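User: I'm new to this structure and would like to understand the words people use for it. Could you take me through them with the reasoning behind each one?

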Amino acid sequence: MAKIGFIGLGNMGSGMCANLVRAGHDVAAFDLNPEAVAAAADVGAVPAEQLSEAVTGAEIVVTMLPAGKHVLEVYFGEDGVIKWAETGTLFVDCSTIAVEDARTANARAAAAGFSMVDAPVSGGTAAATAGTLTFMVGGPEDAFSRAKPVLDDMGKNIFHAGGAGNGQVAKIANNMLLGISMIATCEAFALAEKLGLDAQTFFDISSKASGQNWSMTSYCPAPGPVPGAPSNKEYQPGFAVDMMLKDLRLAAAASEGVGADTAFGDAARAAYEALSADGHGGLDFSGVMKRVKGEI
Ligand code: NAD
């Protein structure tokens, strides 16, 4: 079992931290929000009042923070992780951040004598709580091998995607595909319905035909066919429009950097940007169905 410093105890980090405690690790937990630290203490983590308390003596530091600027500040800021970490400490950043920020963080960690992996996740808060996240990991092979047992305690599928930043590449490319496929699925259901096919009939056919995809069969945006989907709960998230928008923006920035043609990704981003601007950022991302049908 490892001595772990966990930083970032929000919607995702709280469940992930609890699973590390449950697995028997010695976890010291820190967040800027004292209530989040108190909640972590309730599930058995050692509460840290300062970042330094969580990091000092840790063999592994795990972070789950909102965005790249937080990650760079937490690790490399004036009073950051590298000031307190002991030589040989492994850094595991599970936040979703820009590919470039992940590569910068990895290089700065390496320059300071530390190993680091980017390990963004797929699966929302339910998977974080249940310990069934998918991790997409970028970084050197030896760092991945050290991170793997700890990631196993928080997730179900752990993939090594290659060198530094490649975990973030896998994450944003996957979520760009998800954003596009969700809108395409909404358009197909709306078209079928307008032409006289009810949602269940279209689902029964298309889910066994070549249009089959995850957005349809696991998360159907039309109410009815998939009972657990947010479409049956007034599109309460789930995975909110603003979270999808964050990932589509990261994909757009990364694709611009390498000159990739992501025309449909850009169209999906524009659709989610419009939904968010109109005050629907908190709606589940499958709620784009309501826009496609002209209801919002
Ligand atoms: P969140 O805002 O709920 O949690 C972030 C936590 O980080 C907060 O508790 C905040 O107080 C803390 N924090 C911020 N700056 C800090 C600092 N300098 N020091 C210590 N703590 C600090 O966010 P979340 O929903 O848990 O998401 C975390 C990451 O996971 C994001 O990058 C997000 O894109 C990604 N993600 C989220 C989901 C989801 O469904 N929520 C799914 C997949 C990936």
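Analyst: Happy to help; what follows goes through domains, buried residues, aromatic pairs and salt bridges. Please keep in mind that this is a predicted model.

User: Let's begin with the overall layout. How do you know where domain 1 and domain 2 lie in the chain?

Analyst: The bounds come from a domain assignment, which gives domain 1 as 3-163 and domain 2 as 169-292. The C-alpha centres of the two domains lie 29 Å apart.

User: What makes up the contact between domain 1 and domain 2?

Analyst: On one side there are 11 residues of domain 1, and they are in contact with 8 residues of domain 2. Together the two domains bury about 720 Å², with 69% of it on carbon and sulfur atoms. Within domain 1, Thr96, Val99 and Met136 lose the most area to domain 2, together 56% of what that side buries. There are 0 salt bridges between the two domains, while 3 residue pairs are in polar contact across the interface. On the domain 1 side, α6 and β7 (121-122) each supply at least two of the residues that touch domain 2.

User: Why is Thr185 called buried?

Analyst: The cut-off for buried is under 20% relative accessible area. Thr185 has 4%, so the word buried applies. This residue lies in helix α9 (residues 166-194).

User: How do you know that Thr185 and Asn213 make a polar contact?

Analyst: A polar contact needs a suitable pair of N or O atoms within 3.5 Å. The side chains of Thr185 and Asn213 come to 3.2 Å, so the pair qualifies. The side chain of Thr185 also reaches the backbone oxygen of Ser181, at 2.6 Å. Leaving aside neighbours within four places in sequence, Thr185 is in contact with Asn213, Ser215, Met216 and Pro221.

User: Val62 and Asp153: which is buried and which is partly exposed?

Analyst: Val62 has 0% relative accessibility, which is under 20%, so Val62 counts as buried. Asp153 is at 27%, between the 20% and 50% limits, and therefore counts as partly exposed. Val62 is found in strand β4 (residues 60-63), whereas Asp153 lies in the loop between α8 (141-152) and β9 (155-162). Not counting residues up to four places away in sequence, Val62 touches Ile4, Gly5, Phe6, Ile7, Val92, Cys94 and Met154. With its neighbours within four places left aside, Asp153 is in contact with Asn19, Leu20, Ala23 and His25.

User: Now the aromatic rings. Why is the pair of Phe91 and Phe114 called stacked?

Analyst: The structure holds 7 aromatic pairs. For Phe91 and Phe114, the ring centres are 4.8 Å apart, within the 6.5 Å limit, so they form a pair. Their planes differ by 25°, which is under 30 degrees, and therefore the pair counts as stacked. It links distant parts of the chain, with Phe91 in strand β5 (residues 90-93) and Phe114 in the loop between α6 (99-111) and β6 (115-118), 23 residues apart. Phe91 is buried at 0% relative accessibility, and Phe114 is buried at 9%. Both belong to one aromatic cluster with Tyr75 and Phe76.

User: What makes Arg249 and Glu273 a salt bridge?

Analyst: Side chains of opposite charge can pair when their charged atoms come close. The limit for a salt bridge is 4 Å. The closest N and O atoms of Arg249 and Glu273 are 3.1 Å apart, so the pair meets it. Arg249 lies in helix α12 (residues 241-258) and Glu273 in helix α13 (residues 263-280), so the salt bridge ties together parts that are 24 residues apart in sequence.

User: Which other residues join Arg249 and Glu273 in a network of salt bridges?

Analyst: Asp266 and Arg269 are linked with them in that network. Glu273 forms a salt bridge with Arg269, their closest N and O atoms being 4.0 Å apart. Those two both lie in helix α13, 4 residues apart, about one turn of the helix.

User: How many salt bridges does a search of the whole structure find?

Analyst: The search finds 8. One of them joins Arg291 and Asp278, with the closest N and O atoms 2.8 Å apart. This pair links helix α14 (residues 288-292), which holds Arg291, to helix α13, which holds Asp278.

How values were computed:
Residues are numbered from 1 along each chain as its sequence is written. This is a predicted model: local features need pLDDT of at least 70, side-chain atom pairs count only at pLDDT 80 or more; totals for chains, interfaces and linings use all residues. Side-chain values use heavy atoms; hydrogens and water are left out. Buried means under 20% relative accessible area, exposed over 50%, partly exposed in between (1.4 Å probe, protein chains only). A polar contact is a pair of N or O atoms within 3.5 Å; within protein, one must be able to donate a hydrogen and the other to accept it, and residues adjacent in sequence count only if both atoms are side-chain atoms. Contact means heavy atoms within 4.5 Å. Rings of Phe, Tyr and Trp (its six-membered ring) pair if their centres lie within 6.5 Å; planes under 30 degrees apart count as stacked, over 60 as edge-to-face and the rest as tilted. Domain bounds come from an automatic or database domain assignment. Buried area is the accessible area (1.4 Å probe) that two parts lose on being put together, summed over both. A salt bridge is a side-chain nitrogen of Lys or Arg within 4 Å of a carboxyl oxygen of Asp or Glu.
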